[in-house]
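Please walk through this structure from its overall build to single residues. Helix packing comes in between.

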Amino acid sequence: MGQNGAGKSTLFKLITGKIKPTSGTISVDKRLVVATAHQVIAPSDMALTVEKYFQKYLDGVEMHELHRRLATVLSVVNLKAPLEKIIKSFSGGQQARLLLASALIQDPDLLLLDEPTNNLDSMGIYHLTEFLMNYKKSVIVISHDAEFLNAFTEGVLYLDNFTKKIEQYAGDYNDVVEQIAIRIERERMQNAQMERGIQENKDRSNFFAHKGGKMRLVAKKMREKAEKMESEKVAVRREDKTIRSFVIPTQEGLVNEELKISSFTVMQNHEEVTKPARIFLVKNKHLLITGPNGIGKSTLIESLANRTAKGVSYTSGIRIGYYRQDFSTLDFNDTVYESFTKVLKEIDGVINEQYIRSVASGFLITQEHIHSRIGSLSEGQKGLVSFARLVLQKPGLLILDEPTNHINFRHLPRIAEALSNYQGMMILVSHVPDFVSQVRIDEVLDLEK
């Protein structure tokens with residue numbers, strides 16, 4: 001566990017040898033089979049069929065053996081998929097299942113899971129949790145989902161973003177929180193006791209210093225003792241920072257903004273089915289779109305964001321702020337600063353340096369990160385950049401596809417508050433009930449009904 005950008009995914013790359021340490025050593029038994037289920041499918045794999053995708057992970061295995069193993073792992077991850085289907089045609093939740101299956105098919109001794117619950121619906125998370133509780137081999141998981149972690153973990157490695165050290169704890173996430181709270185209180189009490197002793201020695205040193213003669217030597221010793229005690233004070237453990245409360249401003253100058261959905265398309269048994277609807281959104285109204293993985297939620301809201309959805313009409317001139325679960329609205333070659341200035345140029349061409357830096361700092365985007373390329377950031381940091389861009393964009397229609405993915409759970413109440421208070425039209429897709437319960441929702445469109 002650890003703050004966005006603390007180095008969790010980097011640690012996985014070091015374990016697998018994908019990157020090499022600049023100092024120190026990492027020892028992995030050569031006989032150990034290590035497999036990683038990554039956060040996202042690589043862009044270069046998106047055009048592959050299911051069969052070709054899994055062939056990459058079982059190089060040299062006979063086709064009949066590949067099909068046998070595929071049937072087993074797809075059953076484990078609860079995914080029915082034709083082997084000739086193209087990867088990019090799967091939903092985010094189905095891709096999450098494919099990522100897990102690609103690791104399981106290697107029959108690893110050590111399974112590394114990087115944010116495995118992202119995009120999964122409640123049934124997907126249930127199947128994954130059951131699988132991990134019964135898994136006979138070793139698992140290391142990166143996740144911001146405390147409830148998921150508590151179901152099966154027996155120890156926690158906490159990456160402290162301030163000290164740049166890894167702390168090891170026994171137990172689950174709740175145990176870690178309790179142990180950290182006890183430690184902080186103990187350190188504070190220890191420092192308070194030291195402070196009293198330091199002040200006492202300083203006061204006595206000042207008193208004897210004015211006496212002259214041999215008393216000055218006594219004063220010097222007391223001053224040195226106070227300095228020694230000062231150096232022995234412990235650094236109280238600091239908690240990860242949380243983003244500041246923020247407001248997503250609404251587009252100005254629109255008259256009677258509205259969005260009408262008279263029909264929509266869903267996937268049933270891998271076939272497109274069009275259904276009638278009567279959805280009417282106006283300013284300050286929030287719509288939640290629900291349905292299981294693979295039914296077509298992301299496809300629907302992508303067509304809404306691109307203005308290509310059939311059976312949908314919009315107010316002319318409305319500006320759409322679109323948060324995609326795969327961050328493909330971001331140009332990974334841009335620096336964060338360049339990405340922000342592009343947004344402002346699209347609105348009115350005015351680049352306010354101070355405003356950009358103020359918004360950035362609220363999302364923990366420091367001087368260190370603002371000139372970094374977006375592609376070099378962690379997935380969680382890309383999420384915070386996406387939210388900062390929405391603040392700068394001032395949209396009239398806000399469309400969000402799984403906005404909790406990769407985000408540190410400490411930030412989620414602030415994000416939920418901002419979405420609840422957003423006064424434009426909003427469409428939200430999220431599989432996280434606790435998050436949805438904190439967001440004001442005025443209407444629900446269940447694609448399964």
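Start with two helices. Helix α3, residues 63–76, packs against helix α4, residues 92–104, at an angle of about 130°. Their axes lie 9 Å apart. An angle between 115 and 145 degrees falls outside the parallel, perpendicular and antiparallel ranges, so α3 and α4 count as oblique to each other. The crossing of α3 past α4 is right-handed. On the α3 side, the contact is made by Val73, Leu74 and Val76. On the α4 side, Leu98, Ala101 and Leu104 make it. Sorted by class, the contact of α3 with α4 holds six nonpolar residues, no polar and no charged ones.

Now the frame around this pair. The model is predicted. Its chain has 449 residues, of which 47% count as buried. The chain has 15 helices and 13 strands. Along the principal axes, the C-alpha atoms fill a box of roughly 95 × 65 × 35 Å. How much of the contact in the chain joins residues 24 or more positions apart? Such residues account for 71% of the contacts with a separation of 6 or more.

A second helix pair follows. Helix α7 spans residues 173–209, and helix α8 spans residues 215–231. They pack at an angle of about 160°, with their axes 8 Å apart. Angles over 145 degrees count as roughly antiparallel, and α7 and α8 are therefore roughly antiparallel to each other. α7 passes α8 in a left-handed crossing. From α7, the contact takes in Met194, Gly197, Ile198, Asn201, Lys202, Arg204, Ser205, Phe208 and Ala209. From α8 come Met215, Arg216, Val218, Ala219, Met222, Arg223, Lys225, Ala226, Met229 and Glu230. By class, the contact of α7 with α8 divides into 10 nonpolar, three polar and six charged residues.

Pick out one residue of that contact. Arg216 sits in helix α8. Is Arg216 buried or exposed? Its relative accessible area is 56%. The exposed class begins over 50%, so Arg216 is exposed. Arg216 touches Phe208 and Ala209, leaving aside residues up to four places away in sequence. Both of these residues are listed on the α7 side of the helix contact. Arg216 and Asn206 are 10 residues apart along the chain, and their C-alpha atoms are separated by 9.3 Å.

Next, go to a loop residue. Asn293 lies between β8, residues 286–290, and α9, residues 297–305. Why does Asn293 count as buried? Its relative accessibility is 14%, and the buried class covers values under 20%. Which side chains does the side chain of Asn293 meet in polar contacts? One is that of Arg97, at 2.5 Å. Another is that of His431, at 3.2 Å. Beyond residues up to four places away in sequence, Asn293 touches Ser91, Gly93, Gln94, Arg97, Asn119, Leu120, Asp121 and His431. Among them, Gly93, Gln94 and Arg97 fall within the residue range of α4. This leads back to the helix of the opening pair.

Helix α9 comes after the Asn293 loop. Its buried residues are Lys297, Leu300, Ile301, Ser303, Leu304 and Ala305. Arg307 follows α9 and has a positive phi, near 65°.

Helix α5, residues 122–134, holds Gly124. Gly124 has a relative accessible area of 5% and is buried. Where does Gly124 stand relative to Asn78? The two are 46 residues apart in sequence, yet their C-alpha atoms are 7.3 Å apart in space.

The last stop is another loop. Ser372 is placed between α12, residues 367–370, and α13, residues 379–393. With a relative accessible area of 17%, Ser372 is buried. The side chain of Ser372 reaches the backbone oxygen of Glu368 at 3.2 Å. Glu368 falls within the residue range of α12. Not counting residues up to four places away in sequence, Ser372 touches Asp334, Thr335, Val336 and Leu377.

How values were computed: Residues are numbered from 1 along each chain as its sequence is written. This is a predicted model: local features need pLDDT of at least 70, side-chain atom pairs count only at pLDDT 80 or more; totals for chains, interfaces and linings use all residues. Side-chain values use heavy atoms; hydrogens and water are left out. Helices (H or I, at least four residues) and strands (E, at least two) are DSSP runs, numbered from the N terminus. Buried means under 20% relative accessible area, exposed over 50%, partly exposed in between (1.4 Å probe, protein chains only). A polar contact is a pair of N or O atoms within 3.5 Å; within protein, one must be able to donate a hydrogen and the other to accept it, and residues adjacent in sequence count only if both atoms are side-chain atoms. Contact means heavy atoms within 4.5 Å. Axes are lines fitted to C-alpha atoms, for helices over the stretch in contact, and angles run from 0 to 180 degrees between N-to-C directions. Angles under 35 degrees count as roughly parallel, over 145 as roughly antiparallel, 65 to 115 as roughly perpendicular and the rest as oblique. A crossing is left-handed if the near helix is turned anticlockwise from the far one by less than a right angle, and right-handed if clockwise. Ala, Val, Leu, Ile, Met, Phe, Trp, Tyr, Cys and Pro count as nonpolar, Asp, Glu, Lys and Arg as charged, and the others, Gly among them, as polar.
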